[in-house]
Amino acid sequence: MPKILVVDDEVGIRELLFEILRDEGHDVQLAENAAAARAAREAGRPDLVLLDIWMPDTDGITLLKEWSGNGQLNMPVVMMSGHATIDTAVEATRIGALDFLEKPIGMQKLLGAVKKGLERGARQAGNALSLGAFARPGPLRDLKRRLDQVLAKSPLLLLRSAPGGIVEIVARSAQVAGKPWIDLAHDSNPLGVEALQRASGGVLWCEELARLTRLQQKNLLFAAERLDRYGLRLLAATTHGAAELQALGWDEAGLARLFDTSLGVPGLADLKDEVPDIAAHLLTQMMENDEVPRRRFSTAALNALRQHAWSGGYGELKGAVKSLALASLGEEIGEDEVLQLLAPAGEQEALPPGLAPEVVEMPLREAREAFERMYFGYHLARDGGNMTRLAERTGLERTHLYRKLKDLGLR
């Protein structure tokens with residue numbers, strides 16, 4: 001029996017919709033405001049939501065954005081309103097609403113929208129966590145506002161961050177509901193116009209420019225010249241400067257294009273007070289994607305997460321949340337479980353100076369290649385590309401040196 005959640009502050013409308021939908025054989029749950037709707041959504045994912053736009057505590061558009069940012073907008077949502085504008089309806093659709101019903105709602109239109117929603121398929125894959133999940137005032141909401149301002153003028157954006165930053169959360173905030181997401185670092189084939197056409201309206205993403213092969217670099221720059229034509233957004237991130245990337249084989253003109261518009265992204269060290277909120281939203285997203293069983297953090301557990309140093313950055317936090325949820329024997333994750341998993345900051349094994357955490361996590365072969373690329377790139381830049389000096393510094397015979405630079409994709 002399909003489960004439908006009806007959210008409306010008018011008792012008469014709730015009762016009328018309840019009777020109609022129950023007579024049609026649906027399991028109907030009612031919520032009189034956004035708070036009740038949140039509680040119902042947390043308790044279980046409905047097959048369809050009928051959501052009023054104008055409500056006294058939180059309006060339907062804001063609640064829709066919240067679900068989208070949390071990764072909870074994985075069920076069809078039909079908006080309802082008696083006096084919404086065209087712009088409001090368009091915004092709701094852009095966020096991810098399936099349909100819009102104008103009050104008073106005719107029975108045929110109601111049943112048609114319900115049928116369409118149920119046929120579209122509940123149990124959609126959960127969305128990834130984005131900045132839209134963080135509604136309370138603070139640095140994450142401010143970051144979302146800055147991101148929206150930049151993307152309104154430029155479809156190409158470079159995210160500048162220290163290692164372990166929250167670039168993935170920021171990039172996901174640029175994705176329009178239902179539109180493609182393409183990770184350019186996961187494709188080793190040439191990117192063609194047909195692929196860009198299929199991705200129309202979506203987001204092209206690269207988590208770290210320094211890790212791309214020469215072919216992937218060309219793919220990214222190829223796409224960068226065609227964003228407006230196909231309604232695409234391209235977001236790339238890096239922890240390196242332009243000179244370092246050029247030493248790693250990047251085209252100077254291409255780098256100038258990428259570095260033209262950039263946005264600074266904070267790391268977890270700058271977001272200590274936001275860590276509990278990030279962890280709670282990550283847990284919600286993982287539950288929605290059926291990666292972990294239903295769990296919740298105790299207040300003490302969230303405080304323990306806030307106190308942790310997180311030297312491994314966002315990736316470490318994400319892995320810790322998943323590990324805690326999978327290993328917990330009860331529905332609530334307690335402080336002791338967090339402390340057992342995470343050694344106090346003073347007892348953590350320190351990394352050697354200058355060794356980035358993400359390099360340690362790579363397989364040995366990839367780590368060696370990453371080091372060699374940085375090593376030779378540094379000396380190339382230092383000596384101005386002088387191969388004689390480079391051979392002397394590295395102790396390699398020139399023929400071997402040329403072959404090594406070619407294998408590493410360095411000029």
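**Exercise 1. How much accessible surface does the protein have, and what percentage of it belongs to carbon and sulfur atoms?**

Before you start, keep in mind that this is a predicted model.

- Step 1: Take the total, which comes to about 20500 Å² of accessible surface.
- Step 2: Split it by atom type, and carbon and sulfur atoms turn out to hold 50%.
- Step 3: Set that beside the burial figure: of the 411 residues, 46% are buried.

**Exercise 2. Sketch the overall build of the protein.**

- Step 1: Count the elements, and you get 20 helices and 12 strands.
- Step 2: Box up the C-alpha atoms along the principal axes; they fill roughly 85 × 55 × 35 Å.
- Step 3: Look at contacts with a separation of 6 or more: residues 24 or more positions apart account for 71% of them.

**Exercise 3. Take the largest nonpolar core apart, then look for another one.**

- Step 1: Size it up at 48 residues.
- Step 2: Pick out the members that touch the most other members, namely Leu159, Ile166, Leu235, Ile278, Phe297, Leu305 and Leu317.
- Step 3: Ask which helix gives the largest share; helix 13, residues 275–288, supplies seven residues.
- Step 4: Zoom in on Phe297. Leaving out residues up to four places away in sequence, Phe297 touches Ala279, Ala280, Leu283, Leu302, Leu305, Val321, Leu324, Glu332 and Ile333.
- Step 5: Move outside this core, and there's another one lying apart from it, with 35 residues including Ala199, Leu204, Ala223 and Ala236.

**Exercise 4. Find the enclosed space and describe its walls.**

- Step 1: Apply a cut-off of 30 Å³ or more, and one cavity makes the count.
- Step 2: Check the volume of the largest cavity, which is about 30 Å³.
- Step 3: List its lining: Phe134, Arg136, Pro137, Gly138, Pro139, Leu140, Arg141, Glu274 and Asp277.
- Step 4: Sort that lining by class, giving four nonpolar, one polar and four charged residues.
- Step 5: Find the top contributor; helix 6, residues 139–151, gives the most, with three residues.

**Exercise 5. Now do the same for the second largest pocket.**

- Step 1: Start with the volume, about 1200 Å³.
- Step 2: See which elements give two or more residues to the lining: helix 3 (60–70), helix 4 (86–95) and helix 6.
- Step 3: Go through the 41 lining residues; Ser68, Arg94, Ile95, Gln175 and Ala177 lie nearest the centre of the pocket.
- Step 4: Finish with the class tally for this lining, which reads 16 nonpolar, 13 polar and 12 charged residues.

Note on methods:
Residues are numbered from 1 along each chain as its sequence is written. This is a predicted model: local features need pLDDT of at least 70, side-chain atom pairs count only at pLDDT 80 or more; totals for chains, interfaces and linings use all residues. Side-chain values use heavy atoms; hydrogens and water are left out. On a 1 Å grid over the protein atoms alone, a cavity is a set of points where a 1.4 Å probe fits but cannot get out, and a pocket is an open set with protein on both sides within 12 Å along at least five of seven lines; lining residues have an atom within 4 Å of a point. Grid points are joined across faces, edges and corners, and a volume is the space filled by probe spheres set on the points. Helices (H or I, at least four residues) and strands (E, at least two) are DSSP runs, numbered from the N terminus. Ala, Val, Leu, Ile, Met, Phe, Trp, Tyr, Cys and Pro count as nonpolar, Asp, Glu, Lys and Arg as charged, and the others, Gly among them, as polar. A nonpolar core is a set of buried Ala, Val, Leu, Ile, Met, Phe, Trp, Tyr and Cys residues joined through side-chain atoms within 4.5 Å. Buried means under 20% relative accessible area, exposed over 50%, partly exposed in between (1.4 Å probe, protein chains only). Contact means heavy atoms within 4.5 Å. Accessible areas come from the Shrake-Rupley method with a 1.4 Å probe; for residues, only the protein chains shown count as cover.
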